[in-house]
Structures are given as structure tokens and as C-alpha cells.
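Please open the model in your viewer and keep the sequence panel beside it. The tour below moves from one selection to the next and says what is there at each stop.

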Amino acid sequence: PSPVAHYLVRNSWPTSNEFITLRNHSHVENALDHLWRVQFTLGPLIKVMPPDLWTYTNADEIAPVVTFIRPLIETDFVRFDHYASKVKDLRLGLLCLPKAVEVHEDVLCAFAIFRPARLFLPNVEKLFVGAMSGLPPHHLCYYPCLLNNSITSITMNFKGASDPEALSILSAMARLCPKIEYLMVSNLSHRSSLAFNDIVLHFFHLKSLAGHCGVSFESARHLGTLTSLSKWKIEGSMDDISGHSPDLELFKKTGLTTENGRFSAPNKMIIKSTS
């Protein structure tokens with residue numbers, strides 16, 4: 001029924017549970033849902049597309065990279081859509097996987113052009129982009145094409161990214177991911193930190209927020225009203241925003257207190273100044 005199922009059947013002992021299950025067509029989709037649920041690279045999804053569309057850019061068996069060799073057309077997405085709809089958790093750069101197939105920048109660029117007309121990962125709920133993604137930081141500017149309104153968790157490392165690249169995906173989060181509950185960002189520049197504080201104002205369902213950046217008066221006031229927020233961690237320089245060293249009066253002015261019923265939900269709040 002599918003290349004993945006056939007592979008498992010061929011590599012299972014005839015008497016094994018896996019063999020018996022996959023031989024029964026009614027269970028194949030359940031098996032595929034499990035196999036595709038978590039992905040560590042976009043490579044496998046590209047490889048289910050027509051073979052005349054893509055090729056390897058190198059002969060490196062340790063770190064193969066795929067790219068497109070012709071323009072995309074709508075029919076290229078028939079099998080892609082089937083498997084992409086099963087991806088719920090995309091973890092890019094979490095760890096180095098041997099022989100993991102990465103994608104070339106041209107693939108992300110082509111997807112970004114198609115993005116206004118389609119959702120590539122319509123059911124993805126979690127997105128992780130680490131510092132070991134295997135892709136240059138400037139590729140972050142293409143990542144908005146992977147966002148959608150079903151995402152509830154985003155963890156993103158902006159190490160090495162320029163301000164325009166960081167601002168591109170931060171603004172996309174505000175537009176495309178209104179249901180975010182868990183948000184963690186790291187290695188934001190001063191300018192990007194200001195933008196991050198602005199996008200936080202668009203999220204009303206946050207349960208956990210962590211950022212290696214400064215905090216603005218507006219974002220602190222907004223977060224203090226959220227009854228869903230149970231954990232908030234700030235690790236950065238308050239001087240970046242206020243121009244003053246942190247003290248009790250600054251906390252009160254910023255709104256980082258529990259006075260007047262503010263921050264009624266958090267059971268953990270960590271404020272660590274690096275200044």
C-alpha cells in the first residue's frame with residue numbers, strides 16, 4: 001500500500017506482529033500515521049514526490065542533500081499531501097542523524113512561492129528549529145511556508161540569523177499561528193528582541209513562554225492578563241528595553257508584579273538579567 005509499509009513487511013519476520021498487522025490493509029494507515037508523525041528533516045517528504053522532480057546535489061552518503069531539477073506543478077503534490085498531512089511534530093536541527101536527507105535552499109524557495117496557495121504541513125502542531133539544522137541561518141526567511149494555524153508549540157534558535165530573517169518569521173508567527181500555547185526563542189538580537197515583544201501581544205492562549213531577550217512594558221502588561229500562562233522565563237537584559245538596571249521600582253513600572261490580580265495563573269516565573 002505504501003513504500004514504508006512494503007519496506008517494513010519485507011524486513012519483518014513472517015510470524016512477527018508487525019508483519020501480521022501490516023498485511024492487514026485496515027491497519028496500514030494507522031502504522032503510517034505513527035511512522036510519519038515525527039519528522040527530523042523535510043527530506044523524506046521531498047522523496048515521495050515524482051522522481052523526475054528531484055535529485056541529490058552531492059554524492060555524500062553521510063549528509064545527502066536533495067534539490068529540485070524542474071519547476072513545481074500542482075500534480076507533484078499528490079503523494080506529498082498524503083504523507084505531509086500525517087506530520088504532527090517537525091524537529092529540525094534537534095540532533096545529527098546519520099544519512100538524514102536534508103533539503104537544498106531551492107526547495108524552500110520553491111515552497112515559499114507556492115505558500116500563498118497551499119498549506120504544506122496542514123496538521124503540524126509542533127515546530128522545533130535548533131542550531132544544528134544543517135541549514136544556513138538565512139534559510140529561516142523561508143520557514144514561514146511551514147507555519148499554519150494548527151501550530152501550538154514553537155521552539156526556535158535564531159543563532160546567526162540576521163535581523164531581516166528573524167523579523168520575517170517572527171511576523172509570520174503573529175499572522176499565521178494564533179493558537180500558540182508554548183513558545184521559546186533564543187539568540188535574538190536587540191532589534192529582533194523588540195519585534196518579539198511586539199508579536200507576543202498577538203497571542204492569547206500562551207501557557208509557557210521563554211525568551212533569551214529583553215522585556216517591554218507592553219508585553220509584560222499583556223502577559224499579566226493571561227489566565228492561561230503558567231510558566232514564563234525571561235533571560236536577557238532589561239537594560240535593552242528600559243535603559244535602567246533592574247530594581248523593584250522598574251518591576252512595578254513594567255508590570256512584572258502580581259499586584260491587582262496580575263499574573264494570577266503562573267506557578268513559575270523566572271527573571272534572569274544578564275546585564
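**Aromatic rings**

Begin by displaying the aromatic side chains of this predicted model, in which the structure holds ten aromatic pairs. Select W54 and Y56, whose rings form an edge-to-face pair, with 5.7 Å from centre to centre and 85° between the planes. The two partners differ in their exposure: W54 counts as buried at 15% relative accessibility, which is under the cut-off of 20%, whereas Y56, at 36%, counts as partly exposed.

Next, select F77 and F120, where the ring centres lie 5.9 Å apart and the planes stand at 45°, so this pair is tilted. Following the chain between them shows that the pair links distant parts of it, 43 residues apart, since F77 sits in the loop between β3 (65-68) and α5 (78-84), while F120 sits in the loop between α6 (105-114) and β6 (126-129). Both F77 and F120 are buried. If you now add F68, F80, F111 and F114 to the selection, you have one aromatic cluster, to which F77 and F120 also belong.

**A strand residue**

Move on to strand β7, which covers residues 153-157, and select S153 within that strand. Is S153 buried or exposed? Its relative accessible area is 15%, and S153 is therefore buried. When neighbours within four places in sequence are left aside, S153 is in contact with E125, K126, L127 and Y182.

**Two packed helices**

Now select helix α7 (residues 163-176) together with helix α8 (residues 190-200), and turn the view until both axes can be followed. Two packed helices are described by the angle between their axes and the distance between the axes. Here the angle is about 5° and the axes are 10 Å apart, and α7 and α8 are therefore roughly parallel to each other. To see the contact itself, show D163, A166, L167, L170, M173 and A174 on α7, and R191, S192, A195, F196 and I199 on α8. Sorted by class, the residues in this contact of α7 with α8 are eight nonpolar, one polar and two charged.

**The whole protein**

Finally, zoom out to the full model, which has eleven helices and eleven strands. Of the protein's 275 residues, 44% count as buried. Among contacts with a separation of 6 or more, 68% are between residues 24 or more positions apart. With the surface switched on, you are looking at an accessible area of about 14,100 Å², of which 56% belongs to carbon and sulfur atoms.

Terms used: Residues are numbered from 1 along each chain as its sequence is written. This is a predicted model: local features need pLDDT of at least 70, side-chain atom pairs count only at pLDDT 80 or more; totals for chains, interfaces and linings use all residues. Side-chain values use heavy atoms; hydrogens and water are left out. Helices (H or I, at least four residues) and strands (E, at least two) are DSSP runs, numbered from the N terminus. Buried means under 20% relative accessible area, exposed over 50%, partly exposed in between (1.4 Å probe, protein chains only). Contact means heavy atoms within 4.5 Å. Axes are lines fitted to C-alpha atoms, for helices over the stretch in contact, and angles run from 0 to 180 degrees between N-to-C directions. Angles under 35 degrees count as roughly parallel, over 145 as roughly antiparallel, 65 to 115 as roughly perpendicular and the rest as oblique. Ala, Val, Leu, Ile, Met, Phe, Trp, Tyr, Cys and Pro count as nonpolar, Asp, Glu, Lys and Arg as charged, and the others, Gly among them, as polar. Rings of Phe, Tyr and Trp (its six-membered ring) pair if their centres lie within 6.5 Å; planes under 30 degrees apart count as stacked, over 60 as edge-to-face and the rest as tilted. Accessible areas come from the Shrake-Rupley method with a 1.4 Å probe; for residues, only the protein chains shown count as cover.
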